[in-house]
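Grab your viewer and work through these exercises. Try each task yourself before you read its solution.

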Amino acid sequence: AFSQAFVATGSFLDVTDILDEYGRDKFYPGPIEWTQFNGRDYGFPYRTESYGLFYNTKMFEEVGLAGAPRTWEQVKEAAIKLTRDVDGDGIIDVYGMGVPLSMRTPEHTASYFRWVAGSFGGDVVNEDATKATANSKETIAALQWFNDLFKAKVVIPSAPESDLDQIRRLFGAEKIALQMNAPWSVEVYEEEVPDLEFDVVTMPGLEEGEIGKSEALGWSIGVSAYSKESDAAIEFIKFFLRPENNAYLTEALPGVRAAANAPRFSNEKTQVFLDQLEHTIGDIAHPRVFMINEAIAKALQRLYLGENDVERVANDLNKDIQSVLDRR
């Protein structure tokens, strides 16, 4: 995966002009952002992932919900309806939504939050990561959305200990009915839980008909800034990125658009993630992004643990993120 901190050391060759000549429109937009630092490019995306909304179709039918929620408000309403005591013993058996809040993997929490915030039109930093925007009205609206879920007690109680892998397992065990996760989860479910009745759709929007945001993780191939054979390395990269080669060599989704036409990507669930790649956000281009992720995770944990003043949490988060940005 592309590391902004590594790029900041000057270890990668600047390939901006080469990428412009090669044609950056050959790549999906989100993965391109992972190659960038201070407005310049340092790699070529060859592998990527987007994320989608998974839902348990059997559970939806049991509570009278027809089809996947297509707005974030519908997600909230569905999560409330799906949280229930199935066997009547007075204990909740199934929770509507899984949210990873573990401080062991704050990047998972930050991703969940930024997907929703991006769908609301907000983010925690501006485009060039020089100014914190966590207290914008759009980002506060996303914090309020999560707070509503927490207050309704529809998020599984193990959330503070959960990462994306744990959320995936809980969905497979039918302990949660909704989650946001990666395309490889489809194959895992089909192999490990073949009787699981589920489907996946693109991220919800604010209004029906809109596709919301998800992250586009990026794996990039680049050239050492100290290479004595940089021209030969670039020619190899161009060969590596031919659509037929990129389709064969990637373990997830391809970074090259034309590679997505390969037969291996033709099933319906994979197409969902390919469609989502046109509606993505990139990573925060800052060498201390891990500190920003930790600040986001702590803010969501405050809400989960019962703090009610969303604006205060947003303002504190904004200050924490700005202090990180100012250390550049």
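**Exercise 1. Work out what share of the protein chain is buried, and how its overall size compares with the globule rule.**

Step 1: of the 328 residues, 55% count as buried, meaning under 20% relative accessible area with a 1.4 Å probe and protein chains only. Before going on, note that this is a predicted model: local features need pLDDT of at least 70, side-chain atom pairs count only at pLDDT 80 or more, and totals for chains, interfaces and linings use all residues. Residues are numbered from 1 along each chain as its sequence is written, and side-chain values use heavy atoms, with hydrogens and water left out.

Step 2: count the elements, and you get 14 helices and eleven strands (DSSP runs numbered from the N terminus: helices are H or I with at least four residues, strands are E with at least two).

Step 3: the radius of gyration, taken over C-alpha atoms, is 20 Å, close to the 20 Å that the globule rule gives for 328 residues, so the chain is as compact as a globular protein of that length. The rule itself is 2.2 Å times the number of residues to the power 0.38.

Step 4: for the outline, put the C-alpha atoms in a box along the principal axes, and they fill roughly 70 × 45 × 35 Å.

**Exercise 2. Find out how much of the contact set links residues 24 or more positions apart.**

Take the contacts (heavy atoms within 4.5 Å) with a separation of 6 or more; residues 24 or more positions apart account for 72% of them.

**Exercise 3. Lay out the open sheet that contains β3, and say which strands stand at its edges.**

Step 1: two strands pair if DSSP finds at least two bridges between them.

Step 2: the sheet has three strands in the order β9-β3-β10, with antiparallel pairing.

Step 3: β9 (217-221) and β10 (253-254) are the edges; each has a single partner strand, so one side of each is left without a neighbour in the sheet.

Step 4: check the β3 (residues 44-49) to β9 pairing, where you'll find five bridges. Phe44, for one, has Ile221 in β9 as its bridge partner.

**Exercise 4. Decide whether β4 is enclosed or open, then trace its partners.**

Step 1: five of the five residues of β4 (residues 52-56) are buried, so this strand is largely enclosed by the rest of the structure.

Step 2: four antiparallel bridges join β4 to β6 (residues 176-181), with Gly52 matched to Asn181 in β6.

Step 3: β4 also pairs with β7 (residues 198-201) in the antiparallel sense, over four bridges. Here Phe54 has Val200 in β7 as its bridge partner.

Methods:
Buried means under 20% relative accessible area, exposed over 50%, partly exposed in between (1.4 Å probe, protein chains only).
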